[in-house]
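Could you walk me through this protein from the broad view down to a few individual residues? Keep it relaxed, please, as I'm new to it.

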Amino acid sequence: MSSTPTVTTSLPSAGLPAAKDMAARDMMDATAFRRQMDEVVARIPMHAIRSVLDAVEGAPSPNGERARHLRDALVDHFNRLRPMKARRLFTSLFEPFLVDDPILYRSPESVPALIQRVDMGGIWAALTRYAFPGLAAEVQSRLDAMAREAMLDAVLASPDAMVMRELMRREALDFLYAMAGDRKLTDRFLALANEEAHHDARLRTQYLGRKAPIDGDLLGFVRALLEHNEVLVPLTERMRRDIDEMRMGEMQGTGDPRSAAPNPAEVDCQSALMVGFVRRVRDLGLPFRDQSQLLAWFAPLYGLNVKRRYDVFLRHVREHGGPAVRESHPLLRALLCHFNAACITIREVVDGMFGDMEIQDGGVLSAPAPTRALLHEAVERFDRALTALSGTGFLASRSTGPALRAELAAVSRELTGTVMPALAARLQAAMNARHAPVPDHEDIVWLLELVWRWGRYLGNAGYANPELKSLRLYAVETGRLAFIQAMKAEPQEKPAHRMAHMLRIRRLMAAMGETVDGWISPVSQGLHRVVFSYLEDVDEIADDEWAVIDAFVASVRSELSRSRNWQSADFVDILRLHEGRRRGESL
């Protein structure tokens, strides 16, 4: 009798692979979720990461494992974009004094009491090569380890980081003092620092030729800040807050936060504030009382270099600088550097922007947003620095005046020889573009506004451009002829196309401070049809379209008040239609 054997399975031996499979699946799920979190976090704007992390850490989560993965992804993404942790820790010693000013990159010499971020990066590179390479590597390694579990900002503010920063401060200070007696080492140090700073500066701005050098004077200022860091940082932070709060209060009082022209009362208050900080700086001790050194003038130089208060700086020089303010004085040297940097920036940007454009051969303007912002700021800074120099009397001085007037002449030549010929060619094309705007219409409007502002600043300094006046007359006459043609609507043309062409010409004229209202004729049949069509058929009329319509209606009223024209019935009809639409708009 045969029997079939019974196979028995052991529960533990069968459950072990199942448990391994479950653990593997969990690990794969966690890896996939972390990958998804990395992709999500990469799309979060940098300025929002801190708030998202606070929300993750503060909210009670039913799934702690997933919340941990999200937190780790946020921390990793934030810290990964800040790899140079030791440099960041060291430069925090100078944070209140650092600026990133592409215009002042172009100063012919180092600006007194100014430290650019790129300059500090170059000095850091030289320090890690010659002063404390081992210490820098050790600090970087320790910060990397500390930043694996925490946000870098919290790590850099920790007690351990403060100890490491103090060690680097002492090493840097001792090295800079020792290096002052070694000419060859100083030359090697400055060569490396300037190479690094120039490379970084070229990445941050356009059309940069040469950059303001890191020299012995700048190293001396850095050395002084390292030596007196404990007392200068709190004082500078207080100065920054007071200047900002006073300026913000003034803007709120005027109701215009974009106001760039503070009233005299605000300038008086800021000037008094600056005088108070000058006294507080000089009360810090003997090194701050030597008026031939930068530290004695640290407060007004901070207001100029960091806060760009040319008006307050001028007031301080005129009322509190004293008779010792001469060409070699730190205050005047700084102001001259600002003026020269603005002039050089204008020339470099204009040459770079127009150098590759064949405007006369049918090319178009091309001014990207960064180029516009840089040239606009350079022209504005040119005016403010020139006003300050004129107010101190140095524009008329026999020693400084000739050099300043040579810079003014060079800037005027750029306007006359480079900008205006290109602008004239493109302006005519833009005004005669009947059916569609030219590709560079917005660039032409921007350049027109900049040119008239630039010419006004030169005129105020006594360098009025006859060519600019000729260009204005040419532009106005060209615009008048183009606008008369734009009012003539062809039977097959849509009223919207005629209105768009007139608005383009109107905007070009407005960029020069001119108006087209005087060219609007009440007997223009084409314009009459355009206005009638808009008032009768268009539901939403834009503000600039209303401006043209209102100007036409005003010319009709004027015509009716002077004579009984044979078209008076049509005039009365359009007046009634206009009044009805305006009444409906006001309801």
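What follows goes from the whole chain to its salt bridges, then to a few loops and the surface.

Before anything else, keep in mind that this is a predicted model. The protein has 587 residues, and 48% of them are buried. Its secondary structure comes to 23 helices and 2 strands, so you'll be hearing a lot about helices and the loops between them. If you take the contacts between residues with a separation of 6 or more, 75% of them involve residues 24 or more positions apart. On the outside, the accessible surface comes to about 29600 Å², and carbon and sulfur atoms account for 53% of that.Now for the charged pairs. Side chains of opposite charge can pair when their charged atoms come close. The structure holds 33 salt bridges, and three of them make a good tour.

Start with Arg 238 and Asp 242, whose closest N and O atoms are 3.1 Å apart in a salt bridge. Both sit in helix α11, which covers residues 229-254, and because they are 4 residues apart there, about one helical turn separates them. The two partners have different surroundings: Arg 238 is partly exposed, at 37% relative accessibility, whereas Asp 242 is buried, with a relative accessible area of 16%. The cut-off that matters here is 20%, since buried means under that value.

The next pair is Glu 266 and Arg 309, whose side chains meet in a salt bridge at 3.0 Å, N to O. This one links distant parts of the chain: Glu 266 belongs to helix α12 (residues 264-282), Arg 309 belongs to the loop between α13 and α14, and the two are 43 residues apart. How exposed or buried is Glu 266? With 3% relative accessibility, Glu 266 counts as buried. Arg 309 is buried as well, at 10% relative accessible area. While you're looking at Arg 309, find Ser 271 too: the two are 38 residues apart in sequence, yet their C-alpha atoms are 9.9 Å apart in space.

The third pair is Arg 426 with Asp 440, a salt bridge in which the closest N and O atoms are 2.8 Å apart. Arg 426 lies in helix α17 (residues 401-431) and Asp 440 in the loop between α17 and α18 (441-460), so the bridge ties together parts that are 14 residues apart in sequence. Both ends are out of the way of the surface by the numbers: Arg 426 is buried with a relative accessible area of 9%, and Asp 440 is buried at 1%. Salt bridges don't have to come as separate pairs, either. Here, bridges that share partners join Asp 101, Arg 308, Glu 377, Arg 381 and Arg 384 into one network.

Arg 308 from that network is worth a second look for its backbone. Most residues other than glycine have a negative phi. Arg 308, though, has a positive phi near 60°. You'll find Arg 308 in the loop between α13 (298-305) and α14 (310-320), where its relative accessible area of 30% makes it partly exposed.

Where else does a positive phi turn up? Tyr 207 has one of about 55°, although it is not a glycine. Tyr 207 lies in a loop too, between α9 (183-204) and α10 (216-227). At 33% relative accessibility, Tyr 207 counts as partly exposed.

For a stop inside a helix, try Arg 88, which is part of helix α4 (residues 85-91). Arg 88 is partly exposed, with a relative accessible area of 37%. Which residues is Arg 88 in contact with, leaving aside its neighbours within four places in sequence? They are Arg 82, Leu 152 and Leu 156. There's also Arg 165, which is 77 residues away from Arg 88 in sequence but 10.0 Å away in space, C-alpha to C-alpha.

Let's finish on the surface. Glu 536, Asp 537, Asp 539 and Glu 540 form a negative surface patch. One of these residues, Asp 537, is placed in helix α21, which runs over residues 525-537. Is Asp 537 buried or exposed? Its relative accessible area is 51%, and because exposed means over 50%, Asp 537 counts as exposed.

Definitions and conventions
Residues are numbered from 1 along each chain as its sequence is written. This is a predicted model: local features need pLDDT of at least 70, side-chain atom pairs count only at pLDDT 80 or more; totals for chains, interfaces and linings use all residues. Side-chain values use heavy atoms; hydrogens and water are left out. Patches are made of residues with over 30% relative accessible area and no salt bridge: like charges are joined within 9 Å, nonpolar side chains (Val, Leu, Ile, Met, Phe, Trp, Tyr) within 5 Å. Accessible areas come from the Shrake-Rupley method with a 1.4 Å probe; for residues, only the protein chains shown count as cover. A salt bridge is a side-chain nitrogen of Lys or Arg within 4 Å of a carboxyl oxygen of Asp or Glu. Lys and Arg count as positive and Asp and Glu as negative; His and the chain ends are not counted. The place of a charge is taken as NZ of Lys, CZ of Arg, CG of Asp or CD of Glu. Buried means under 20% relative accessible area, exposed over 50%, partly exposed in between (1.4 Å probe, protein chains only). Contact means heavy atoms within 4.5 Å.
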